Amino acid sequence: MTPTTNLMGTFLEPDELRRRAEDERTRARRSYGFAARLLFVALDAVYGRASTLEKFRVLEVVARVPYQAWEQVAFVAVTHTHSDPTFARDIYDRAAEARAQQDNEMMHLLMIEELLGQEGFRRTILKGVVLPQAMAFVYYQLSWLLYVVRPGWSHGLNADFEDHATHTYLDYVHDHPALDETPWTSTFADDYGRSDTVGELFRRIALDEAEHRSDSERRIHTARFGRGSD
Ligand SMILES: [Fe+2]
Ligand SMILES: [Fe+2]
């Protein structure tokens, strides 16, 4: 089966993957806004400053919700399309993009869950279920509200989140060279695309996040419906 969810449809060979991952790892971080900083502080307070699989899992639970919120707003906007074909086409394209990004984030979440399961990780109700859902709920409401008030703000927040996720994964791989010796075995390998090692898998996930960041950065100034895709 041809991988469709990895890097939103592009499968990179390992050498190219490493080169692009290193470019992203050494790239300057965005200047994060207040809401993003608050979220990162909350994550560190609950799950510790160090990166762990458990923390990645929470990142992926939260990562999906802006795309859900945007898809929801796009469907509401359908009722305002009137007869303008450009507007309708733009809404359709954005809803499709938001769904593809949700699928990509869900695939990340499933693969992280699988790795946690292989490690025999046992989640607690509070840190494993209640708090991730609470964070996702608040983040959904904020993403939705910002998108309704000024879509560019919602894309700015998401760009911050995705940039942070990119660096978090790539710093983790850089700090744990043993991951490049750890074989990756997964029931999702055919769906996401094969990676020989967990290090390679995390680089692929990180480059997905970098692409999400770039997509949102492009949208910051063209976010309102009817202004096209780029
Ligand atoms: Fe993700
Ligand atoms: Fe992402």
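Here are some questions and answers about a predicted model of a protein chain.

Residues count from 1 along each chain as its sequence is written, and chains are lettered from A and ligands numbered from 1 in the order in which they are written. Because the model is predicted, local features need pLDDT of at least 70 and side-chain atom pairs count only at pLDDT 80 or more, while totals for chains, interfaces and linings use all residues.

Me: How many helices and strands are there in the protein chain?
Reply: Helices (H or I, at least four residues) and strands (E, at least two) are DSSP runs, numbered from the N terminus. Reading along the sequence gives α-α-α-α-α-α-α-α-α. So the tally is nine helices and zero strands.

Me: What is the radius of gyration of the protein chain?
Reply: It's taken over C-alpha atoms, and the globule rule is 2.2 Å times the number of residues to the power 0.38. For 230 residues, a compact globule would come out near 17 Å. The protein chain agrees with that, at 18 Å.

Me: Is V58 buried or exposed?
Reply: V58 sits in helix α3, residues 53-63. A residue is buried if 20 or more other C-beta atoms (placed from the backbone) lie within 10 Å of its own, exposed if 12 or fewer, and partly exposed in between. V58 has 22 such atoms within 10 Å, so it is buried.

Me: How many of the residues of α3 are buried?
Reply: V58 has company: K55, F56 and R57 are among the other buried residues of α3. The buried ones pack against α2 (34-47), α4 (65-77), α5 (85-118), α6 and α7. That helix is mostly covered, and the count is nine of eleven.

Me: Which residues does V58 contact, leaving aside its neighbours within four places in sequence?
Reply: Two residues are in contact if their C-beta atoms, placed from the backbone, lie within 7 Å. L146 is 88 residues from V58 in sequence and 22 Å away in space, C-alpha to C-alpha. The contacts of V58 are L43, Y47, P132 and M135.

Me: What does V46 count as, and what does it touch?
Reply: V46 lies in helix α2. With 14 C-beta neighbours inside 10 Å, it counts as partly exposed. Its C-alpha is 8.7 Å from that of L131, though the two are 85 residues apart along the chain. Not counting residues up to four places away in sequence, V46 touches K127 and L131.

Me: Why is α6 oblique to α7?
Reply: Axes are lines fitted to C-alpha atoms, for helices over the stretch in contact, and angles run from 0 to 180 degrees between N-to-C directions. Under 35 degrees is roughly parallel, over 145 roughly antiparallel, 65 to 115 roughly perpendicular, and the rest oblique. Helix α6 (residues 125-149) and helix α7 (residues 151-175) have axes 5 Å apart and pack at an angle of about 140°. That angle makes the pair oblique.

Me: Which helix gives the most to the largest nonpolar core?
Reply: A nonpolar core is a set of buried Ala, Val, Leu, Ile, Met, Phe, Trp, Tyr and Cys residues joined through C-beta atoms within 7 Å. This one has 39 residues, and V62, W70, Y169, F202 and A206 touch the most other members. At least two residues come from each of α2, α3, α4, α5, α6, α7 and α9 (198-219). The top giver, with seven residues, is α9.
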